[in-house]
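This report walks through one molecular model, element by element. Keep the sequence and the 3D view open while reading.

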Amino acid sequence: EKEPVTVLVTGAAGQIGYAIVPMIARGAMLGPDQPVILHMLDIEPAAESLNGVKMELIDAAFPLLRGVVATTDVQEACKGVNIAVMVGGFPRKEGMERKDVMSKNVSIYKAQASALEKNAAADVKVLVVANPANTNALILKEFAPSIPEKNITCLTRLDHNRALGQISEKLNVHVGDVKNVIIWGNHSSTQYPDVNHATVTTSGGEKPVRELVANDQWLNTEFITTVQQRGAAIIKARKLSSALSAASSACDHIRDWVLGTPKGSWVSMGVYSDGSYGIQWSIVQGLKIDEFSRGKLDATAQELIEEKSLAHSCLN
Ligand code: NAI
């Protein structure tokens, strides 16, 4: 039998936490034959609720679950962790400036970076979910210099999956037959969901999405804004932000990172880019970028550069 893998979930008493821990314990993240130990971290005001989640995990009697630690001590939470899913963070509240939210989260990610660096496995794989996800991941990287930068990523897979979902609805095909969309840039409304290389497996072979949709107008406008603003649409409908889809996509992100994607298909992850190939993941090279895409890429890159300097100014 395989040795258990230790998975940390921060913010585990929150919405996404509550949705993701049973998925991990059932093998949706690391496979149906991989035992896991769950470490769950939250803050003091949520301690009792976090303990309730632990009680439910015990009650669910998951055969793959070999241990549960529920704690408010970040050092204890990070001990021996192989996979870290960083969901905990300070939410934007009404009337709060962007800079105030940034400042709170940058401090949290700075402190948790140090705790991971000190206590986690040397080859820990980190996925940042909490917003601003790209910038939190950047800060984590800067304050955990001994963790390989290729091991620090953020979640854009939810946006990727949302794009697959929209194409599947539009063409009335199974979502599993749609592949190779790309999410460029920030996990925000400037992100650019790109279908220029996406395909659908049909009875007549693989066909480009652009050919099947045959409506560039829809692909260049409504499709893009629907994916960009899907998070806001979920909040409007549920009065709460996406949780089950975020949790499921976080499992997809780690699963494909650890186990790989099928030949000929790729997925979207927020990564620290040096433009070259790596061992565990690699950046798909050589894609043709048209003028429309170029403009969108530049806009979201510009936003990320601004977030980076805002984050750094919060630390000074
Ligand atoms: P939530 O508010 O229900 O849960 C957050 C949890 O984090 C709370 O239990 C809170 O006590 C905890 N927390 C706060 N500070 C902490 C700290 N320093 N250490 C550990 N835990 C801490 O929020 P929800 O809905 O679960 O979302 C979590 C985050 O994920 C938010 O930042 C949200 O914006 C983001 N998100 C990102 C998505 C993505 O695609 N990248 C999609 C959906 C949400």
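## A loop with a cis bond

P132 is found in the loop between β5 and α5 (133-143). The model is predicted. A cis peptide bond joins N131 and P132 in it, with omega at about -5 degrees. N131 also appears in the ligand shell, as one of the closest residues.

## Around the ligand

The ligand is surrounded by 28 residues. The closest are G11, G14, I16, G88 and N131. By class, the shell holds 16 nonpolar residues, 11 polar ones and one charged residue. Which helix gives the most to the shell around the ligand? That is α1 (residues 15-25), with three residues.

The UniProt record, an unreviewed entry, lists residues 6-152 as "domain: Lactate/malate dehydrogenase N-terminal". In the model this span is 42% helix and 18% strand. Its end C-alpha atoms lie 17 Å apart.

## The seven-stranded sheet

An open sheet is formed by seven strands. Their order is β3-β2-β1-β4-β5-β6-β12, and the pairing is mixed. At the edges are β3 (65-71) and β12 (270-271), each pairing on one side only.

Start with β1 (residues 5-10). It pairs with β2 (residues 36-41) in the parallel sense, over six bridges. T6 stands opposite I37 of β2. β1 also runs parallel to β4, joined by four bridges. Here V7 has I83 in β4 as its bridge partner.

β4 then pairs with β5, again in parallel and through four bridges. M86 is matched with V128 in β5. What covers the two faces of β4, and are its residues buried or exposed? Both faces are covered: I83 and V85 on one side, A84 and M86 on the other, are all buried.

Two helices lie across this sheet. α1 lies across β1, β2, β3 and β4 (83-86), running at about 165 degrees to β2. α11 (residues 244-259) lies across β4 and β5 (125-128), and its angle to β5 is about 155 degrees.

## C154 in β6

C154 sits in strand β6 (residues 152-154). Is C154 buried or exposed? It is buried, because 27 other C-beta atoms lie within 10 Å, and the cut-off for burial is 20 or more. Leaving aside residues up to four places away in sequence, C154 touches L127, V128, A133, N134, A137, H187 and G270. Of these contacts, V128 is also the bridge partner of M86. A198 is 44 residues from C154 along the chain, and their C-alpha atoms are separated by 22 Å.

## The three-stranded sheet

A second open sheet has three strands in the order β7-β10-β11, with antiparallel pairing. β7 and β11 stand at the edges with a single partner strand each, so one side of each has no neighbour in the sheet.

β7 and β10 run antiparallel and are joined by two bridges. V178 stands opposite V200 in β10. Between β10 (residues 199-202) and β11 (residues 205-208) there are four bridges, also antiparallel. T202 has G205 in β11 as its bridge partner. The two strands form a hairpin, with two residues between them.

The strand pairs described above can be set side by side.

| Strand pair | Sense | Bridges | Citation |
|---|---|---|---|
| β1 and β2 | parallel | six bridges | |
| β1 and β4 | parallel | four bridges | |
| β4 and β5 | parallel | four bridges | |
| β7 and β10 | antiparallel | two bridges | |
| β10 and β11 | antiparallel | four bridges | |

## Two positive phi values

N180 is found in the loop between β7 (178-179) and β8 (182-184). Its phi is near 65 degrees, a positive value in a residue other than glycine. N180 counts as buried because it has 24 C-beta neighbours inside 10 Å.

A214 lies in the loop between α7 (209-213) and α8 (216-220). Phi of A214 is positive, at about 50 degrees, although this residue is not a glycine. Is A214 buried or exposed? A214 is exposed, because 9 other C-beta atoms lie within 10 Å, and the cut-off for exposure is 12 or fewer. So N180 is buried, whereas A214 is exposed.

How values were computed. Residues numbered from 1 in each chain as written. Predicted model: local features only at pLDDT ≥ 70, side-chain atom pairs only at ≥ 80, totals over all residues. UniProt positions renumbered as here; feature names shortened; annotations may be inferred. Near = placed C-beta within 6 Å. Nonpolar A, V, L, I, M, F, W, Y, C, P; charged D, E, K, R; others polar. Pairing = 2+ DSSP bridges. Contact = placed C-beta atoms within 7 Å. Axes fitted to C-alpha atoms, helices over the stretch in contact; angles between N-to-C directions.
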